[in-house]
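Me: I would like to learn how to read a fold from its parts. Can we work through one together?

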Amino acid sequence: GGFTWLTGTASMAFGGLGIVLFGGTVLYTAYKSFPPKLYRAEQKIGELLNLSEIENIHPPIKMLALIGPIRSGKTTLKEHIGFFPRSQDRTQTVSAQVIAVYANSATKYIAALDGAGDIYDQQLSMVKLADYVCILIDHNDIDQDHTIVSDRLKGVNLFMEQMRHALSSQGQLKKKWIKIIVNKKDLWEKNNDEQVTDFKTFCSDQLEAWRNSNLADKVELIYHSNLSSDDINIFVNNLKADL
């Protein structure tokens, strides 16, 4: 009799649990059926957003991917063009920040995508989503050294080849433009004329390879320094003209 009573109690308990689980499933399904909350771009300026949050901005805005090897200056460039506070931490995950661009008495918005320079999959995922792509390259992964390091150039070349191959093999739609930004001009220009000429030839070869890939409507090469306000202004003005 006691066993029968326990069995009945257990049946009631499990029956109740089933009802709770069923109810929870219904509530979760109902919750998921509601459309996500939409935001206007001006409400999210400067916030670090994940990629799914960018999809909730309406009307949709263009996306700019900042890619390149580690320590090439991607995050610093983003901070300059968005007037964001300087971060002391290395970028480790893919994120987006909305930037307001003022041109011809109008405000336009663009989402700058940034990720870890040493995680190739992150960089590829950003390029797939982007309308515009900036590839930052340099001569050395040290910010104070003007020496042009051959291993750094080999790494840049490998990164470029892998990115072009991945985009071509996956049939990606053409980007509006790709800008190859040769950063740290203030350093590599300190080398002798022959070394600077050889480095510029290396950069020109990268430009030619991207143009031949037919992955963008326009591909440009820009010699640049994140420490130069003039160079930053030139970049921003070009960005305004393209939006």
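What follows is a dialogue that goes from the whole chain to single residues.

Me: What kind of model is this, and how many helices and strands does the protein chain hold?

Reply: The model is predicted. Its protein chain comes to eight helices and six strands.

Me: Which pattern do they follow along the sequence?

Reply: Read the elements in sequence order. Here that gives α-α-β-α-β-β-α-β-α-β-α-α-β-α.

Me: What share of the residues is buried?

Reply: Of the 243 residues in the protein chain, 41% are buried. Sequence distance is another whole-chain view. Take contacts between residues at least 6 apart in sequence: 71% of them join residues at least 24 apart.

Me: Now the sheet. What is the strand order?

Reply: Sequence order and sheet order are separate readings. The six strands form an open sheet ordered β2-β3-β1-β4-β5-β6, and the pairing is mixed.

Me: Which strands stand at the edges, and why does one side of each lack a neighbour?

Reply: β2 (95-103) and β6 (219-223) are the edge strands. Each has a single partner strand, so one of its sides has no neighbour in the sheet. Neighbouring strands are turned against each other by 25 degrees on average, ignoring direction.

Me: How many bridges join β1 to β3, and how many join β1 to β4?

Reply: Take each pair in turn. β1 (residues 62-67) and β3 (residues 106-114) pair in the parallel sense over four bridges. β1 and β4 (residues 132-137) also run parallel, joined by four bridges.

Me: Which residues are bridge partners there?

Reply: On the β3 side, L64 has A112 as its bridge partner. On the β4 side, A65 is partnered by V133. L66 stands opposite C134 in β4.

Me: Is β1 mostly covered or mostly open?

Reply: Count the buried residues in the strand. In β1, five of the six are buried, and the strand is mostly covered.

Me: What about the cysteines: how many disulfides are there?

Reply: Zero disulfides are found in the structure. Check burial separately. C134 is buried at 0% relative accessible area. C203 is likewise buried, with a value of 0%.

Me: Next, helices. Where does the sheet meet α5 and α7?

Reply: Look for the strands each helix touches. The sheet order to keep in mind is β2-β3-β1-β4-β5-β6. Neighbouring strands in it are turned by 25 degrees on average, direction ignored. Helix α5 (residues 150-169) packs on the sheet and touches β1, β4 and β5 (177-182). Its direction makes about 160 degrees with that of β4. Helix α7 (residues 193-213) also packs on the sheet, touching β4, β5 and β6. The direction of α7 makes about 160 degrees with that of β6.

Me: How do α5 and α7 lie against each other: parallel or antiparallel?

Reply: Read the crossing angle. The axes of α5 and α7 cross at roughly 5 degrees and come within 11 Å. Angles under 35 degrees count as roughly parallel. The two helices are therefore roughly parallel to each other.

Me: Which residues make that contact?

Reply: A general point helps first. An α-helix has 3.6 residues a turn, so residues three or four places apart point the same way. In α5, the contact residues are L153, V156, N157, M160, M163, R164 and L167. They meet F199, F202, Q206, A209, W210 and S213 in α7. By class, this contact has nine nonpolar, three polar and one charged residues.

Me: Are α3 and α8 parallel or perpendicular?

Reply: Use the angle again. Helix α3 (residues 74-82) and helix α8 (residues 229-242) pack at about 75 degrees, with axes 10 Å apart. Angles of 65 to 115 degrees count as roughly perpendicular. α3 and α8 are therefore roughly perpendicular to each other. L77, H80 and I81 in α3 meet I232, F235 and V236 in α8. The classes are five nonpolar, one polar and no charged residues.

Me: Which residues of α4 are buried, and what covers them?

Reply: First list the buried residues, then find their contacts. In helix α4 (residues 120-129), Q122, Q123, L124, M126 and V127 are buried. Their cover includes β1, α3, β3, β4 and α5.

Me: Let us end on one residue. Is T107 buried or partly exposed?

Reply: T107 is in strand β3. Its relative accessibility is 36%, so T107 counts as partly exposed. Leaving out residues up to four places away in sequence, T107 touches A100, V101 and Y102. T107 and E42 are 65 residues apart in sequence, yet 9.5 Å apart in space, C-alpha to C-alpha.

Notes:
Residues numbered from 1 in each chain as written. Predicted model: local features only at pLDDT ≥ 70, side-chain atom pairs only at ≥ 80, totals over all residues. Heavy atoms only, no water. Buried < 20%, exposed > 50% of the residue type's maximum accessible area, 1.4 Å probe, protein only. Pairing = 2+ DSSP bridges. Axes fitted to C-alpha atoms, helices over the stretch in contact; angles between N-to-C directions. Contact = heavy atoms within 4.5 Å. Disulfide = S-S within 2.5 Å. Parallel < 35°, antiparallel > 145°, perpendicular 65-115°, else oblique. Nonpolar A, V, L, I, M, F, W, Y, C, P; charged D, E, K, R; others polar.
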